[in-house]
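Hi,

Here is the structure I promised to pass on to you. My notes on what turned up follow right after it.

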Amino acid sequence: MLLNWTVMILYNYFSAVFVGPGYVPLGWTPEKSQDCIYLQYCKVCQSYKAPRSHHCRKCNRCVMKMDHHCPWINNCCGYQNHASFTLFLLLAPLGCIHASFIFVMTMYTQLYNRISFGWSSVKIDMSAAKRDPRPIIPFGLSAFAASLFALGLALGTTIAVGMLFIIQMKVILTNKTSIESWIEEKAKDRIQYYQTGETFIFPYDTGSKWKNFKQVFTWSGVPEGDGLDWPVRDGCHQYSLTIEQLKQKADKRVRSVRYRAIEDYSGVCCPVTKGVKTFFTTPCTEEPRIALSKGDLILATRGLKHWMYGEKILNSAADGGIRERGWFPRKCVEKCQYDSETDQPVDGEKKNR
């Protein structure tokens, strides 16, 4: 049984690694040229981003139906390997539960044979079992320590990987990805902030958990569709999600605040010279840090108490310029004082927009 678990776990793991998520073809454009206005353009891949696709900085490609980049498989989880990745998340905890049961029963039976109960103390003799027949594999102190350590690893894996499996199943049963769940949350925030009265409906949820499940898990192992065109629910547009993404991108530009660097920052993850609080509150994310030189301009879009995230303007053009995105310490920058030509919209203008 343990061999069966091992084979199934490794098969799905290596399938997720080597099959890959599937990438949008380089230079891809929609069949109808007028549909390009609904899509974002990727300068790296020199193509438009197909619906449900996102550009991965680690893979350096636009990934079809991207869920996230997983460091444990050194690849993205997406359209082609979503089923294999999820099965791996299911089988690994099941195998670990089986192994944990074996470890617990082994330690229980071996210790039971070695415990002596006296009037005033309880002694454990790890040298040998009191009962015959003697075990084929000796169980001494080192074996007990190794079994206890392995039990801890098995239980830890069960909890950690099991939680990831539950998260993945939640998004699969609603026909979403982790990124799309975040986009939906931001859509609600945008509608509430501007009070537009819109109602955002996620276009790819069929309304049936079983149908959503079958779009990922099939008997052939090949997911439905081609990863570029997706069926949508009634009342939704083929590009409903991409249109919402464009609105959120424009909204982010409106809400961004310009800062100027007043200190140099090397771009290290945990800077020692920027204060103890900055060092210990570094963002726990794979998003990059950006190096700053005194005088650099940054458009900040979000932030924490001691850190901020934004885009560094690398040339003088405020619009359409090349920008580098990432985190940087809040104490390294100060808010710009705008003149009449570069004033940002006030709250009233933001609400109207």
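The largest cavity has a volume of about 50 Å³. A cavity here is a set of points on a 1 Å grid over the protein atoms alone where a 1.4 Å probe fits but cannot get out, with lining residues having an atom within 4 Å of a point; the volume is the space filled by probe spheres set on the points, which are joined across faces, edges and corners. Its lining includes Y38, R52, T242 and Q245. The second largest cavity, at about 40 Å³, is lined by residues including K65, H82 and W230.

Before you go further: this is a predicted model, with local features needing pLDDT of at least 70 and side-chain atom pairs pLDDT 80 or more, while totals for chains, interfaces and linings use all residues. Residues are numbered from 1 along each chain as its sequence is written, and side-chain values use heavy atoms, without hydrogens and water.

Now the packing. The largest nonpolar core (buried Ala, Val, Leu, Ile, Met, Phe, Trp, Tyr and Cys joined through side-chain atoms within 4.5 Å; buried is under 20% relative accessible area, 1.4 Å probe, protein chains only) has 19 residues, and V24, W28, L228 and L241 touch the most other members. Another core, of 14 residues, lies apart from it and includes I298 and W307.

Finally, strand β11 (residues 307-313; strands are DSSP E runs of at least two, numbered from the N terminus) has 7 of its 7 residues buried. A hairpin of 3 residues joins β10 to β11.

Happy exploring!

Technical notes:
Buried means under 20% relative accessible area, exposed over 50%, partly exposed in between (1.4 Å probe, protein chains only). Helices (H or I, at least four residues) and strands (E, at least two) are DSSP runs, numbered from the N terminus. Two strands pair if DSSP finds at least two bridges between them. On a 1 Å grid over the protein atoms alone, a cavity is a set of points where a 1.4 Å probe fits but cannot get out, and a pocket is an open set with protein on both sides within 12 Å along at least five of seven lines; lining residues have an atom within 4 Å of a point.
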